[in-house]
Amino acid sequence: MNGLSRLGDARLVVVVGPGGVGKTTMAAALAVHLAASGKRTLVLTADPARRLADALGIEGDTSDALEVAPNLWASMLESERTFAALLPRMVPNAQARARIEASPVYRRFSRSLGRSHAYAAIERLHSAYFGEEASRYDVIVLDTPPMRGVLDLLDAPQALGRFAGSRAVDVFAGDGSGFFGWAARRALSTLTGPELGAGLTEFLAAFAPFRAGFAARAAQVAQAQRAPSTATVLVTSGQAERLADARALTSALAAREVHCRLVIGSGASKRTSSPWSLPPEGPHRAALLAAHTYGAAARRHERDETAALATLSESLGIPLVLTTTLADEPTSIEALRELASTASRR
Amino acid sequence: MSARVHLVTGKGGTGRTTHALSLGLAWAARGLRTLVVELGADGGLRRAAGEKPTRCELASLAADEALHAFLSAHLPSRRLAKVAASNALLASLFSAAPGTVEIAQLDAIERNSREYDRVVIDGEASGHALLWLELPRTFAGLGAAGVLGQRLARIDALLHDPARFVVHAAMIPRALVERETRMLAEGIEGLGIARGVVLASAEPIEASAASLRLAHHALVGTDAEEDLRYALAARVRSDAMRDAGACGFSRSIEVPWLERGADWIERLTARGEQTARQLEDA
């Protein structure tokens, strides 16, 4: 039985893990697997490096869901397009929307850094999970940026809530008074200069009436991540650095009441043949020696890494599934299906 | 090339943190005052160093620390700084507005570049690193003035001075990595920032692709077949990486494959010294 049956009837699969362990590829493989089992599946990647596009063979920029195989839709979480597509939903009032779209601060930052990716991911996931799209999918697979990317998603309600709940906007827009309001305005203007300060204030004022909705949706998304119908999947390789990262991530998630349902160990079990002894002489001597040395080292690593992954799984109390590294990187749906089919339960 | 600030970026899983740490250790071992910084609160850098004290200083520029440092370093009066730093309104504005943390990080790096002989940055992956490097101009384009305007001008001057700031790309032999490395080189060039070297690591396989291919054909069906196939695939990939060369950077440096284990820090320092020497000749 395939080890991925642990995903059960999850409505949301959140794929987390350290960088460089094949997390994005694994998210795509999980989605291909779920779609093949008859579930209408949407896969969302928050990774601006576009790896999923390579693996799934999606071309071009889109935040709309593209049907890339039967039962399988894929969508890129690209901040600028996501905000452009979702702004009417976030800000229903057309006049207010025009003000926001005209704001240079919005124009620059909708494609910018860091947490704007997290905000875009929240709005996109909310639309797919709670919005009118929700009835189209049985399960959503969310790929997250390495390490703290998923923590940004979980922390967004606090960051936004703190902002939405405070009088910040009124104060910066000049409506608030008192010493603290004055100090805040004065500090902002000193720091940023009047033009940027005014731009920020104007942008915030335009967004003000909608910030509560924004924070509420972020809270709903964070709650969905903690729901019993959500499976958080930790993908890691068995290398020491990655395992240490994986442990740190698991405890950061646990502190936010998110518990992983499954550990997927990537690339831990490549070899299927048994060890062989090097013939003392004969043709192809150099090649055989190199392959033997390479194979022996690889077997040793596999053994060590598999043992380390088993230790991780035991100490965390989370079941482990191992997948096989294919000789070539998967760059097609077929290859992704093959990767998912190697998942075996330990 | 002995720029003061060295940013190591590249695709995820290409060994950025290990490269940054190993260069930092090597420069510190030469007696240079060296700081290695990671840009998040993940602690991956400290874990790579085995949680032990090192000769180079390690620092994490996480969100809150970076913002707090920015405010207290730059507000003109101590009273205003104190009020602003503890002002919940301002704090909520900064923690919700995208880009502010990143500017505060760049600012801390600019200030550190004047205190240290070498600063090595364990950067984010390529795409994020490019957005990060572009941010000062994004802010400037919004008409930033005041303290921020002055700081942006200094950051901009640092980033665009090839004698003081250079970007390196970590690379491993995987098909998708080469493409990303080329895109990174174009992006950095487009920003007018100095392109350093490619730090390329591959597993050592002591036989040519041709001889492995011949052996594989001859030995189909034997126990050796699978290992020959994997060794051939790995060898072909590392040859392709070698052929790809600098991918738009100034040159490619082969960095020996290193296994964790006994004397990790010592071996990492020795490897860093080899890399640093080649990098300074480039």
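Leaving aside residues up to four places away in sequence, B:Ala26 touches B:Thr269, B:Gly272, B:Glu273 and B:Ala276. This is a predicted model, so read every value here as computed from predicted coordinates. B:Ala26 belongs to helix H1 of chain B, which covers residues 16-29. Is B:Ala26 buried or exposed? It counts as buried because it has 26 C-beta neighbours inside 10 Å, and the cut-off for that label is 20 or more.

Now to the helix H12 of chain B, residues 264-281. Its buried residues are B:Leu268, B:Thr269, B:Arg271, B:Gly272, B:Thr275, B:Ala276 and B:Leu279. What covers them? The cover includes H1 of chain B, along with strand E6 (195-200) and strand E7 (251-254) of that chain.

Here is how H12(B) sits beside helix H7 of chain B in terms of span:

| Helix | Residues | First to last C-alpha | Expected at 1.5 Å a residue |
|---|---|---|---|
| H7(B), 126-141 | 16 residues | 23 Å | 22 Å |
| H12(B), 264-281 | 18 residues | 26 Å | 26 Å |

H7(B) comes close to its expected span, but there's a bend to look at: a kink of about 40° lies at B:Leu135, shortly before the proline B:Pro136. Both B:Leu135 and B:Pro136 are on the list of buried residues in H7(B), which also includes B:Trp132, B:Leu133 and B:Phe139. After the helix comes B:Gly143, with a positive phi near 80°.

On to where the chains meet. Helix H12 of chain A (residues 285-316) and helix H11 of chain B (residues 225-244) have axes that come within 8 Å and cross at roughly 95°. That angle makes H12(A) roughly perpendicular to H11(B). By class, their contact has nine nonpolar, two polar and one charged residues. Which residues of H11(B) take part? They are B:Asp227, B:Leu228, B:Tyr230, B:Ala231 and B:Ala234. From H12(A), they are met by A:Ala287, A:Ala290, A:Ala291, A:His292, A:Tyr294, A:Gly295 and A:Ala298.

One of those contact residues, B:Ala231, gives a way back to the starting point. B:Ala26 and B:Ala231 are 205 residues apart in sequence, and their C-alpha atoms lie 32 Å apart in space.

Finally, a wider look at chain A. This chain has 13 helices and nine strands, and 49% of its 346 residues count as buried. Take the contacts in chain A between residues at least 6 apart in sequence: 77% of them join residues at least 24 apart.

Conventions: Residues are numbered from 1 along each chain as its sequence is written. Chains are lettered from A and ligands numbered from 1 in the order in which they are written. This is a predicted model: local features need pLDDT of at least 70, side-chain atom pairs count only at pLDDT 80 or more; totals for chains, interfaces and linings use all residues. Helices (H or I, at least four residues) and strands (E, at least two) are DSSP runs, numbered from the N terminus. A residue is buried if 20 or more other C-beta atoms lie within 10 Å of its own, exposed if 12 or fewer, and partly exposed in between; C-beta atoms are placed from the backbone. Two residues are in contact if their C-beta atoms, placed from the backbone, lie within 7 Å. Axes are lines fitted to C-alpha atoms, for helices over the stretch in contact, and angles run from 0 to 180 degrees between N-to-C directions. Angles under 35 degrees count as roughly parallel, over 145 as roughly antiparallel, 65 to 115 as roughly perpendicular and the rest as oblique. Ala, Val, Leu, Ile, Met, Phe, Trp, Tyr, Cys and Pro count as nonpolar, Asp, Glu, Lys and Arg as charged, and the others, Gly among them, as polar. The expected span of a helix is 1.5 Å times one less than its number of residues. The bend at a residue is the angle between axes fitted to the seven residues ending there and the seven starting there.
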